[in-house]
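Dear colleague,

Please find below the structure I agreed to pass on to you. A short account of what was found in it follows.

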Amino acid sequence: MREKIVEMMKNLSKPMFAIFISLLFGALLILPTGTSPLEAYKILLVGAFGSWQGITTSLAYATPLLFTGLGAAYAFRAGVFNIGLEGQLYFGAIAAALVGVYAPEMPGLLHIILCIGAAMVAGMLWAIVPALLKIRYNIGVFITYIMFNNIAQLFSDYLATYPFKGELSIGATYKVSEKVFLPKLAGEMIDLNFGFVIAIALAIFLYVLLFKTQFGYESRAAGLNPDFSEYMGVDAVKKMIIVVMISGAIAGLAGAEQVLGVSHRYISSFSPGYGYTGITVALLARTNPLACIVTAIFFGALNNGAIQMEIFTNISRDLVTSIQAIMIIFIAADFALKQRKQKKNTDKNQTQSKEVA
């Protein structure tokens, strides 16, 4: 028990340090404005959690980040660097919108399931392509996924602006059928919807899948040591395909939540970077699905509180973007060092095995 507590505190120390340093840098950026950093952070905190409306709005902001964070956490845990979540989210959103608008009449629950299923399949298929290019032609997934993010957004925006444009003057589809609206959890004026419940359930499911099943053990083993996994009979190529399919489907689900629960239509460039921020959510949570719940709410609170801070002070909400960027630098550096150390240990073990042979 004591060892588990020590391990847990060790895992918490680095994310907490990254948060502390980021907030400290944020305070240095606030000082030139003439506003007290403590006062600014107090307004941010009260805006995020000081009222029922603040809490529910923070949870609404957290919901898409939790979905994309879970998609990233699962993929990273299995050693697959799916940074194409933004594009998968966009394709999931446009798929959910088109099915919600143009599908024939059917019972409401079946229609919702069809919309969500279409979004997950769209995200899944878009995630597979870079993985196949990696397997077949050894093309690096980092560059491919980044390119695919832009392609997915631009193509989805094109569909909403031209062939499937709705009645609005902006690039947007028609409103989806009211039958597929996700139920609101805090009143019609607040965006918090049943998608948040789905995201919480998904986090629990992924935790059980990763840490309580043979499939999860094999996925984590493939992420830690692919060569050992091959030796144990795990098909690394097949495992990679399955992992990116699951990760892409979760990202597509994030897009569906925004369409069915928030905007009720696809709107061009609707995402302020949910896919990219989800990667930070996952890394800050040390790729633990349950911890992603906490980190997603933290980022949701930052985004919500920043609006209140901008209203009551002369500090722009862009300060939060700067804080998040600093946090990303620290987390990414730690992740890169960890991966490098892991690779060196793997290479060392392989060398020793060859010498023994």
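**Overall architecture**

The chain contains 13 helices and zero strands. Please note that this is a predicted model. Read from the N terminus, the order of elements is α-α-α-α-α-α-α-α-α-α-α-α-α.

Of the 357 residues in the chain, 48% are classed as buried. As for contacts between residues at least 6 apart in sequence, 76% of them link residues at least 24 apart. The chain has an accessible surface of about 18000 Å², and carbon and sulfur atoms account for 68% of that area.

**The second largest pocket**

I should also like to draw your attention to one pocket. The second largest pocket has a volume of about 370 Å³, and 14 residues line it. Among these lining residues, Y61, P272, N303, T321 and Q324 are those nearest the centre of the pocket.

Which helices each supply at least two residues of this lining? They are helix 3 (52–77), helix 11 (274–284), helix 12 (289–312) and helix 13 (318–356). Helix 13 makes the greatest contribution, with four residues in the lining of the second largest pocket.

Sorted by class, the lining of this pocket comprises seven nonpolar residues, five polar residues and two charged residues.

With kind regards

Notes. Residues are numbered from 1 along each chain as its sequence is written. This is a predicted model: local features need pLDDT of at least 70, side-chain atom pairs count only at pLDDT 80 or more; totals for chains, interfaces and linings use all residues. Side-chain values use heavy atoms; hydrogens and water are left out. On a 1 Å grid over the protein atoms alone, a cavity is a set of points where a 1.4 Å probe fits but cannot get out, and a pocket is an open set with protein on both sides within 12 Å along at least five of seven lines; lining residues have an atom within 4 Å of a point. Grid points are joined across faces, edges and corners, and a volume is the space filled by probe spheres set on the points. Ala, Val, Leu, Ile, Met, Phe, Trp, Tyr, Cys and Pro count as nonpolar, Asp, Glu, Lys and Arg as charged, and the others, Gly among them, as polar. Buried means under 20% relative accessible area, exposed over 50%, partly exposed in between (1.4 Å probe, protein chains only). Contact means heavy atoms within 4.5 Å. Accessible areas come from the Shrake-Rupley method with a 1.4 Å probe; for residues, only the protein chains shown count as cover.
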